[in-house]
Amino acid sequence: TTPGVMRIRGHLESAGFEVVTFHAVGEGAGMEHLIDIGAIDGLIDYTLPELINHWNHGIFDPGCERMEAAVRTGIPQVVVPGAIECFNFGAFDTIPAEYNTPERNVLIHNPNITSLLATPDELVKLGTYLADHVNRSPGPKAVGLPLDGLDNYFKEGSQWRGVDVTPLFDAIRETLNPDIELIEMRNNINDDEFADAIFELFMKQWAARNQ
């Protein structure tokens, strides 16, 4: 999700924000801590593979349940399920046998990192978890869905192009409180149009923070 994140970062910096980017490789625990102690005032939670890495003991497990600090503090936030369908192990021969199955559609990210796909049941659990945490966050909040791909693995010519993540989207739609703004766009998460829309959505939440 790096291209989308970096485009949003540029917009935020141009708007005068001091931006900290946390890579979704286990650094989420540090981010949660900084939110809890008041060092972070707003959040665009754009990339969420740490959820299923935590549940399935992947190598990018943050060691904690993600998305909890925003519930505790009520900071303005926009949540996007970027890479939420993905968890990771090391080289192919390090994948535990119970996860090295055809339904996981194992993708060799590089010689040292493999990416595995969530099952339909896990996608439902992920969508429900995301929406529930947004529902319970007391501050301004919104959700954005990139319907044409959660990361670059969904791009034309990539191995996961065409993978059906409808169970994820349906779970979010069904669980999210109807008064929470939800935008859906026929874009990949890394398309400029989607990133620009998420920036604008965040600015709307930021403006509402003291209302």
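How many disulfides does the structure hold? Zero. Keep in mind from the start that this is a predicted model.

**Stop 1: the cysteines**

Select C64 and C86 and show their side chains. The sulfur of C64 has its closest cysteine sulfur in C86, and the gap of 18 Å is too far for a bond. A disulfide would need the two sulfur atoms within 2.5 Å. Seen from the other end, the closest cysteine sulfur to that of C86 is in C64, again at 18 Å and too far for a bond.

Now switch on a surface. C64 is partly exposed, at a relative accessible area of 22%. C86 counts as buried, with 5% relative accessibility. Keep C86 selected for the next stop.

**Stop 2: the open sheet around C86**

Select residues 86-89, which make up β3, then 113-117, which make up β5, and then 107-110, which make up β4. These three strands form an open sheet with antiparallel pairing, in the order β3-β5-β4. β3 and β4 stand at the edges and have a single partner strand each, so one side of each lacks a neighbour in the sheet. From one strand to the next, the twist averages 35 degrees.

Look closer at the contact of β3 with β5. The two strands run antiparallel and are joined by four bridges. To find a matching pair of residues, go back to C86: L117 in β5 stands opposite.

**Stop 3: an aromatic pair and the wider set**

The model has nine aromatic pairs in total. One of them is far along the chain in its reach, so select F17 and W206. Their ring centres are 5.1 Å apart and their planes stand at 75 degrees, so this pair is edge-to-face. The residues are 189 apart in the chain: F17 is in the loop between α1 (2-14) and α2 (28-36), while W206 is in helix α7. W206 is buried, with a relative accessible area of 19%; the cut-off for buried is under 20%.

Add F202 to the selection. F17, F202 and W206 are linked into a cluster by ring pairs.

Return to the open sheet for a second pair, F87 and Y99. Here the centres are 5.4 Å apart and the planes are at 75 degrees, so the pair is edge-to-face. F87 lies in strand β3 and Y99 in the loop between β3 and β4, so the pair ties together parts 12 residues apart in sequence. Check the surface at both ends: F87 is buried, with a relative accessible area of 0%, and Y99 also counts as buried, at 12% relative accessibility.

**Stop 4: strand β2**

Select residues 77-82. Is this strand, β2, enclosed or open to the outside? Six of its six residues are buried, so β2 is largely enclosed by the rest of the structure. Colour the two faces separately to see how this works out. Q77, V79 and P81 lie on one side, V78, V80 and G82 on the other, and all are buried.

Next, show the strands that pair with β2. Residues 43-47 form β1, which runs parallel to β2 and is joined to β2 by four bridges. Within this pairing, T47 stands opposite G82 in β2. Residues 141-146 form β6, which pairs with β2 in the parallel sense over three bridges. Here V78 stands opposite A142 in β6.

**Stop 5: a buried asparagine**

Select N188, in the loop between β7 (181-185) and α7 (192-207). N188 is buried, with a relative accessible area of 2%. Its side chain reaches the backbone nitrogen of N190 at 2.9 Å.

Then show what surrounds N188. Leaving out residues up to four places away in sequence, N188 touches P146, D148, G149, D151, N152, F154, K155 and F194.

**Stop 6: a loop threonine**

Where is T119 placed? Select T119 and follow the chain both ways: T119 sits in the loop between β5 and α5 (120-136). T119 is buried, at a relative accessible area of 12%. Setting aside neighbours within four places in sequence, T119 is in contact with E103 and R104. Display those two residues to finish the tour.

Definitions and conventions
Residues are numbered from 1 along each chain as its sequence is written. This is a predicted model: local features need pLDDT of at least 70, side-chain atom pairs count only at pLDDT 80 or more; totals for chains, interfaces and linings use all residues. Side-chain values use heavy atoms; hydrogens and water are left out. Buried means under 20% relative accessible area, exposed over 50%, partly exposed in between (1.4 Å probe, protein chains only). Two strands pair if DSSP finds at least two bridges between them. Axes are lines fitted to C-alpha atoms, for helices over the stretch in contact, and angles run from 0 to 180 degrees between N-to-C directions. A polar contact is a pair of N or O atoms within 3.5 Å; within protein, one must be able to donate a hydrogen and the other to accept it, and residues adjacent in sequence count only if both atoms are side-chain atoms. Contact means heavy atoms within 4.5 Å. Rings of Phe, Tyr and Trp (its six-membered ring) pair if their centres lie within 6.5 Å; planes under 30 degrees apart count as stacked, over 60 as edge-to-face and the rest as tilted.
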